[in-house]
Amino acid sequence: MERFRGGFPATIDAKGRVKLPARLREQLEADFGREVYVCSFFPHELRVYPLAVWQAVEEQLLKKPAMKPAVLKLVERVNYGQLLEMDDQGRILVPALLREMVNVEGEVVVSGRINHLAVTNRTRAASFLEEASLSDEELEELAQLELCWRTAVASEHLPVLTDRVVELLSPAAPGLLVDATIGLGGHAEALLRSERGFRLLGLDRDPLALARAGERLRDFSDRVRLEESSFDRLPAILDRLQLEAPAAILADLGCSSLQLDTPERGFSFQVDGPLDMRMGADGPTAADLLETADWEELVRILRDYGEERHARAISRAIIARRADSPIRTTGELSRLVRSVVGESDRRIHPATRTVQALRIAVNDELGQLETFLEPAVRSLRPGGRIAVIAFHSLEDRIVKHTMRRLAGSCSCPPDFPVCRCQPEEVVRVVTRSPVRPDDDEVERNPRARSARLRAAERLGEGTP
Ligand SMILES: C[S@@+](CC[C@H](N)C(=O)[O-])C[C@H]1O[C@@H](n2cnc3c(N)ncnc32)[C@H](O)[C@@H]1O
């Protein structure tokens, strides 16, 4: 039997028929005949099993313990299937219920999956490739199974704008380096390697990230101290540990790939998972927020943090839906948002803005940054440097305005006749405009695309 392979563009027409690409159709007919079992499996994807292949799956199912959770889940997932027949022109009429359950319509990709075919929404297929990258553990496992190469494992960990971060912070060595968002330790490792005079205090609110960073920085253990904390508590931590004024501070904002690529943490709407989204272990989850926030609060979050123009309609739908049952998974939320906004912007998944907004709210990302930045800058020793990498305009605006204000720029509203804020000159901004990744970096690491790096140097007595 030839294996099904390759992906081909196709369309589900107004009657719900999908025409299989000639190559796959001929192969299906020659090897198995025209009867197929078409069923649900993942959202936005239909599976087309040749009948004989599906019957073999059923035989296997009968032999497995029916109460095993994974087996039950599989049965639930394929539940909406139908036995169908391909017509003379290679078309399969997909029943309306199945299309509705799976949400597959219009432009699709039909792809060979060795012993069956998949029909996937084109937008979903594209965004899946871009956003649902493999976790390090999965890449490691695939490498061990000799199904991919080890270079891919390393590429998952690429920190953003590393050379520029090292270039901007190195002049501040020797002394205490604070990595306020140690994550997986990529930037910290580069800085410790390049400057032997740096000793590191690494913070993260995510205990799993700290454990990974600890492993990565094993070779520098005599120069490294890690603390589980949100970075707004930096002054208190410096005080408690009786550390000197930092020579350098780095904050690489946002989430790590460890968080984004772990479905159980609920940051991704591409893969179903519990609606959590907390970077740390405390506080209410995104599901709690959706359960308790009133309409005005939801609208504010979606509009201010997600710049979502359908904020009011989505919030109404959330309130109506939770009156029946709570929204507990990323899949449920994503389907709800899609049902409200449709596919109006085909370049991004319809739930992208909602998910960003909820993540910012759940982790109080902007509040954390506001509280952290000025005291962090003031805590630097004279000549010390701070570098901040922001990933969206809301964060970058805070960084830009705070640095400008602390560099002595007036921050009074333009209609004030005289300056009332009496700015103090605490720093010199080192980056005239934000540093952006070049095309090569974005190609190697698409998550770098929106990064903006700004840096400033503390003024004061003893400034070199
Ligand atoms: C983009 S990752 C940092 C990656 C890191 N620079 C590296 O090279 O691996 C951001 C990290 O910051 C952490 N983080 C975000 N907000 C935080 C906060 N307010 N306090 C402490 N850690 C935070 C996240 O948990 C995440 O691990």
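Here are two short exercises, with worked solutions, on the predicted model above.

Residues are numbered from 1 along each chain as its sequence is written. In this predicted model, local features need pLDDT of at least 70 and side-chain atom pairs count only at pLDDT 80 or more, while totals for chains, interfaces and linings use all residues; side-chain values use heavy atoms, leaving out hydrogens and water.

**Exercise 1. Describe the protein chain as a whole.**

*Step 1.* Start with secondary structure: the chain has 20 helices and 15 strands, taken as DSSP runs (helices H or I, at least four residues; strands E, at least two) numbered from the N terminus.

*Step 2.* Now look at the extent: along the principal axes, the C-alpha atoms fill a box of roughly 85 × 50 × 40 Å.

*Step 3.* Then turn to burial: of the 464 residues, 47% are buried, that is, under 20% relative accessible area with a 1.4 Å probe, protein chains only.

*Step 4.* Finish with contacts (heavy atoms within 4.5 Å): among those between residues at least 6 apart in sequence, 68% join residues at least 24 apart.

**Exercise 2. Find which helix gives the largest share of the lining of the second largest pocket.**

*Step 1.* Pick out the lining, where residues including K73, E76, R77, M101 and V102 appear. A pocket here is an open set of points on a 1 Å grid over the protein atoms alone, where a 1.4 Å probe fits, with protein on both sides within 12 Å along at least five of seven lines; lining residues have an atom within 4 Å of a point.

*Step 2.* Match helices to the lining: α3 (69-77) and α4 (96-102) each supply at least two residues.

*Step 3.* The helix sought is α3, with three residues.

Notes
Buried < 20%, exposed > 50% of the residue type's maximum accessible area, 1.4 Å probe, protein only.
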